Amino acid sequence: MTQDIEELYEYYREGDHQYQIAGGEEGCYKLANDFYDVMEKLSEARKILFMHPGDLTESREKLARFLAGYMNGPELYEEKYGPLALGPAHSHLAIGRAEKEAWLKCMDQALAMQDWPEEFKIFMRMRLQTPADRIQNRP
Ligand code: HEM
């Protein structure tokens with residue numbers, strides 16, 4: 001990593017910079033809504049779409065609220081739904097490599113739809129790889 005990128009990532013990690021750059025609560029909702037809009041359209045994501053409740057309203061809100069805390073903003077998920085452990089929250093689902101890749105593909109497309117600096121999109125995509133890898137619970 002070059003010095004410049006290291007400094008930029010350090011800046012992203014301070015305080016609630018990620019949440020602010022993402023556009024705060026509104027930005028988190030936009031990303032979550034775009035993500036689920038993509039999931040509803042992408043044929044590769046059909047299997048993971050059908051793992052969700054038929055009405056995605058709550059899934060959209062849960063992801064948006066989770067993202068706020070994940071980006072070091074307010075803990076909006078916990079405020080409404082209580083504490084969340086991502087692994088156990090997905091353990092009733094069969095998530096293999098294909099399902100993880102489908103989730104990440106939806107996220108790639110959703111990130112591309114955000115009016116955010118490109119470097120920040122890349123940073124967020126890198127951050128999301130880790131929980132996605134941990135959530136994968138079978139080959
Ligand atoms: C690896 C691929 C993933 C798949 C296939 C997947 C799939 C799902 C599904 C089907 C649900 C709804 C569960 C239900 O209603 O029973 C869900 C919930 C959720 N997912 Fe994921 N997910 C994945 C990765 C992630 C990642 C990486 C994050 C966060 C960075 C995340 C955040 C959430 C949150 C916050 C909820 C709501 C949890 C709850 O309140 O129960 N998911 N996911």
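## An all-helix chain with a bound ligand

The secondary structure of the protein chain amounts to nine helices and zero strands, where helices (H or I, at least four residues) and strands (E, at least two) are DSSP runs numbered from the N terminus. This is a predicted model, in which local features need pLDDT of at least 70, side-chain atom pairs count only at pLDDT 80 or more, and totals for chains, interfaces and linings use all residues. Residues are numbered from 1 along each chain as its sequence is written.

### Overall form

Along the sequence the pattern is α-α-α-α-α-α-α-α-α. The radius of gyration of the protein chain is 15 Å, close to the 14 Å that the globule rule gives for 139 residues, so the chain is as compact as a globular protein of that length; the radius is taken over C-alpha atoms, and the rule is 2.2 Å times the number of residues to the power 0.38. The C-alpha trace of the protein chain spans about 40 × 35 × 25 Å along its principal axes. Of the 139 residues, 20% count as buried, a residue being buried if 20 or more other C-beta atoms lie within 10 Å of its own, exposed if 12 or fewer, and partly exposed in between, with C-beta atoms placed from the backbone. Among contacts (C-beta atoms, placed from the backbone, within 7 Å) between residues at least 6 apart in sequence, 70% join residues at least 24 apart.

### The nonpolar core and helix α8

The largest nonpolar core has 23 residues, and those with the most contacts inside it are Cys28, Leu31, Ala32, Phe35, Leu67 and Cys106; such a core is a set of buried Ala, Val, Leu, Ile, Met, Phe, Trp, Tyr and Cys residues joined through C-beta atoms within 7 Å. At least two residues of this core come from each of α3 (24-41), α5 (57-70) and α8 (97-112), and the largest share, six residues, is supplied by α3. Leaving aside its neighbours within four places in sequence, Cys28 is in contact with Ala22, Ala64, Leu67 and Ala68.

Helix α8 has 16 residues and reaches 22 Å from its first C-alpha to its last, close to the 22 Å expected at 1.5 Å a residue, the expected span being 1.5 Å times one less than the number of residues. Its buried residues are Glu99, Ala102, Cys106, Met107, Ala110 and Leu111, and what covers them includes α3, α4 (46-49) and α9.

### The shell around the ligand

The ligand is surrounded by 22 residues, of which the closest are Met51, Lys62, Phe66, Trp103 and Pro131, a residue being near if its C-beta atom, placed from the backbone, lies within 6 Å of the molecule. At least two residues of this shell are supplied by each of α5, α7 (86-90), α8 and α9 (118-135). The shell divides into 15 nonpolar, four polar and three charged residues, where Ala, Val, Leu, Ile, Met, Phe, Trp, Tyr, Cys and Pro count as nonpolar, Asp, Glu, Lys and Arg as charged, and the others, Gly among them, as polar.

### Individual residues

The table lists the burial of three residues.

| Residue | C-beta neighbours within 10 Å | Class |
|---|---|---|
| Glu26 | 10 C-beta atoms | exposed |
| Tyr29 | 19 C-beta atoms | partly exposed |
| Asn72 | 16 C-beta atoms | partly exposed |

Glu26 belongs to helix α3, and its C-alpha lies 13 Å from that of Trp116, although the two residues are 90 apart in sequence. Tyr29 is likewise found in helix α3; 16 Å separates its C-alpha from that of Tyr81, 52 residues apart along the chain. Asn72, in the loop between α5 and α6 (76-81), has a positive phi of about 65 degrees although it is not a glycine.

Conventions
Two residues are in contact if their C-beta atoms, placed from the backbone, lie within 7 Å.
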